[in-house]
Amino acid sequence: MTAPPTTELRDAIAHHWGIHDLRPLQEPAMQAVLSGRDSLVVMPTGGGKSLCYQAPAILCEGLTVVVSPLIALMKDQVDGLISCGINAVQYDSSKSLQDRLAHEQEIRQGKVRLLFVSPERLAQASFISLLESVTVNAFAIDEAHCVSHWGHDFRPEYRQLKGLQYHFPNASFHAYTATATEQVRQDIIEQLGLRNPAILIGDFDRPNLTYRVLPRFGSVTEQALSVINRHQEEGGIIYCLRRVDVDSLCQSLKEEGIKALPYHAGMDGADRAKTQEAFIEERCDVVVATVAFGMGIDRSNVRYVLHAAMPKSLEHYQQEAGRAGRDGLPAECVLLHSGSDFFSWKSMIEKSASESGMDSVYLQNAIKHLNSMDNYCRIANCRHGMLVKYFGQDFEKKNCNSCDICLGETVAVENATEVAQKILSCVARLNERFGVGYVISILRGENLKSIREKGHETLSTYGLLKGHSPDELRDWIYQLIFQDALAQEEKENLEGRTFSILRLTRTSWEVMRGNTTVNLSKSTVERKSSAKQKKEKGSLTASGPDQRLFEVLRQLRRQLADERNVPPYIVFSDATLHELVRVKPKTLSQMRSIYGIGDNKLQQYGRQFMDAITNNG
Ligand code: ADP
């Protein structure tokens with residue numbers, strides 16, 4: 001197949017999507033589809049993968065079949081395409097028989113440009129014969145890492161896709177994913193049987209995201225509020241590890257007047273769907289969720305993702321945090337970390353491996369991932385740099401200006417070694433028989449019955465670090481564990497319950513003797529009162545008349561979205577609204593040059609938005 005000239009492609013993209021510049025790998029990715037060469041495209045979440053197969057589809061004569069793992073994901077894309085004036089169809093079991101028959105007819109008549117289906121659907125003989133009756137140009141396989149059991153979302157149905165080549169020898173196959181290590185990439189190529197594919201690996205950095213890691217304090221609510229208050233009336237996701245944490249945090253946030261809803265696998269399907277819809281339709285600002293939430297969420301104006309605890313791998317973190325700022329505008333990713341997260345995950349992983357009979361390679365692999373995640377939280381290096389390098393790319397910038405480290409939000413503790421010596425001596429005086437909580441109580445000189453019963457208030461280390469909060473001391477203890485200057489060991493009591501105690505290591509003694517130094521750090525933004533928090537970097541909201549105009553346009557967008565029964569971002573993205581506020585177009589042709597306004601949207605909404613700008617600008 002000969003690819004059409006680049007200008008034709010660019011004109012079509014401007015016409016339909018109002019996008020005037022392509023991102024670096026989008027063009028070669030589109031050319032691969034247009035010239036009929038198989039491809040593997042790896043770009044981060046929000047990198048613009050969809051356009052790589054959507055745009056060529058409108059220039060090709062035949063049909064493009066998009067394989068997607070989730071109905072919610074398909075619906076979002078189909079709504080988006082229709083709003084850009086492109087005939088796209090989702091064919092799945094949620095549709096009535098009548099709808100499906102109508103779709104079949106449209107497909108046969110060659111009226112459909114893009115057809116969205118699940119991998120299971122493509123395993124059905126009757127569906128294959130339907131597709132065989134038309135010309136299929138390309139198969140676009142979204143979330144292609146699902147084909148690999150090395151990936152983090154293995155879906156066995158994806159394996160059957162390889163068989164499609166037999167039925168459609170003239171179609172090209174294109175795999176798209178955001179998370180693929182070298183091993184997963186090779187596996188995708190092999191499992192899908194891609195033939196001499198163009199391999200296009202995008203830039204993994206997301207410069208619009210500001211990453212922060214903060215030590216987790218007793219009340220997650222207070223820390224969550226300080227993030228939420230920086231983003232008033234903007235969308236955000238808070239991830240918790242357990243369902244109980246979701247419910248209690250969500251409840252506390254509601255009591256503080258925040259429009260928050262829960263989402264976890266313990267809720268029934270209808271309630272989960274309600275939360276999801278409310279969030280997509282912007283009737284709810286915050287979703288507090290377990291990781292069960294997110295895969296089907298395409299809301300592009302999520303302004304922050306807060307992790308109330310550390311995820312188990314950087315792959316998971318990248319995917320979850322990556323749901324922020326898909327529209328390319330500034331967004332914030334905050335991770336609340338405690339040294340105990342590592343140990344909680346480790347025991348969960350070990351337990352599930354032994355229960356499910358996983359081999360030792362799996363276990364080692366999982367622990368390796370966990371270690372990398374923990375390093376990310378503890379090492380005071382640029383977070384953008386660490387993430388990008390983890391995914392196998394170079395990072396040239398000296399200062400990213402968008403992570404807590406480069407923004408100077410963490411500082412080294414001045415007399416770290418002396419502090420460490422006090423902590424370690426306390427562990428030594430307690431004969432290495434107690435856990436973190438008790439050691440902290442002794443160091444702080446707490447007046448507790450349990451301490452007096454053992455006579456520990458007479459220890460020389462009692463009250464040695466009186467002025468420090470339990471959270472701060474806990475954080476330092478885990479920093480020492482990370483540096484091997486202290487160890488944590490699991491023990492079993494007489495009733496068979498496990499508990500952990502602190503043990504000294506060889507390095508501990510070196511530190512206590514003054515032969516080795518250690519580094520400790522603390523955050524400088526730790527405990528601002530949430531109520532007093534001002535909007536900071538990461539928040540987009542302008543002030544004054546522009547802010548008012550933005551609100552007017554946002555209301556108009558919501559009204560138009562409600563009338564059409566689509567989410568607001570399908571009408572216009574936040575990026576488009578911001579540009580409208582900045583440029584304040586006075587004519588339709590000025591309006592047409594705004595990002596995100598193609599001809600179809602210009603015709604549908606142009607006049608109303610222009611009037612709103614004239615009346616309120
Ligand atoms: P992915 O599938 O890689 O996660 P999407 O395809 O959903 O990302 O794209 C994320 C956002 O970026 C969408 O709002 C899309 O319209 C926008 N986008 C895609 N390509 C461009 C581009 N070249 N310029 C500006 N915005 C783009």
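**Exercises on strand 1 and the ligand**

Strand 1 pairs with strand 6 (residues 172-177) in the parallel sense, over four bridges. The model is predicted.

**Exercise 1.** Find which strands pair with strand 1 and which residues are the bridge partners of V41.

Solution.
- Step 1. One pairing is with strand 6, in the parallel sense. There, V41 has Y176 as its bridge partner.
- Step 2. Strand 7 (residues 198-201) also runs parallel to strand 1, and four bridges join the two. In strand 7, V41 is partnered by L200.

**Exercise 2.** Determine which way the side chains of strand 1 (residues 39-42) point, and whether they are buried or exposed.

Solution.
- Step 1. In a regular strand, side chains alternate between the two faces of the sheet.
- Step 2. S39 and V41 point one way, while L40 and V42 point the other way.
- Step 3. Buried means under 20% relative accessible area. All of S39, L40, V41 and V42 are buried.

**Exercise 3.** Describe the residues that surround the ligand.

Solution.
- Step 1. The ligand is surrounded by 15 residues, and the closest are D21, G46, K49, S50 and Y595.
- Step 2. Sorted by class, the shell has five nonpolar, six polar and four charged residues.
- Step 3. Helix 3 (residues 49-59) gives the largest share of the shell, three residues.

**Exercise 4.** List polar contacts between side chains and the ligand, then state how much of the ligand is covered.

Solution.
- Step 1. An N or O atom in the side chain of Q26 is 2.9 Å from a nitrogen atom of the ligand.
- Step 2. For K49, a polar side-chain atom lies 2.8 Å from a ligand oxygen atom.
- Step 3. For R326, the distance from a polar side-chain atom to an oxygen atom of the ligand is 2.9 Å.
- Step 4. On its own the ligand has 560 Å² of accessible area, and the protein covers 81% of this.

Definitions and conventions
Residues numbered from 1 in each chain as written. Predicted model: local features only at pLDDT ≥ 70, side-chain atom pairs only at ≥ 80, totals over all residues. Heavy atoms only, no water. Buried < 20%, exposed > 50% of the residue type's maximum accessible area, 1.4 Å probe, protein only. Pairing = 2+ DSSP bridges. Near = heavy atom within 4 Å. Polar contact = N/O pair within 3.5 Å; in protein donor to acceptor, adjacent residues only side chain to side chain. Areas by Shrake-Rupley, 256 points an atom, 1.4 Å probe, with all protein chains shown as cover. Nonpolar A, V, L, I, M, F, W, Y, C, P; charged D, E, K, R; others polar.
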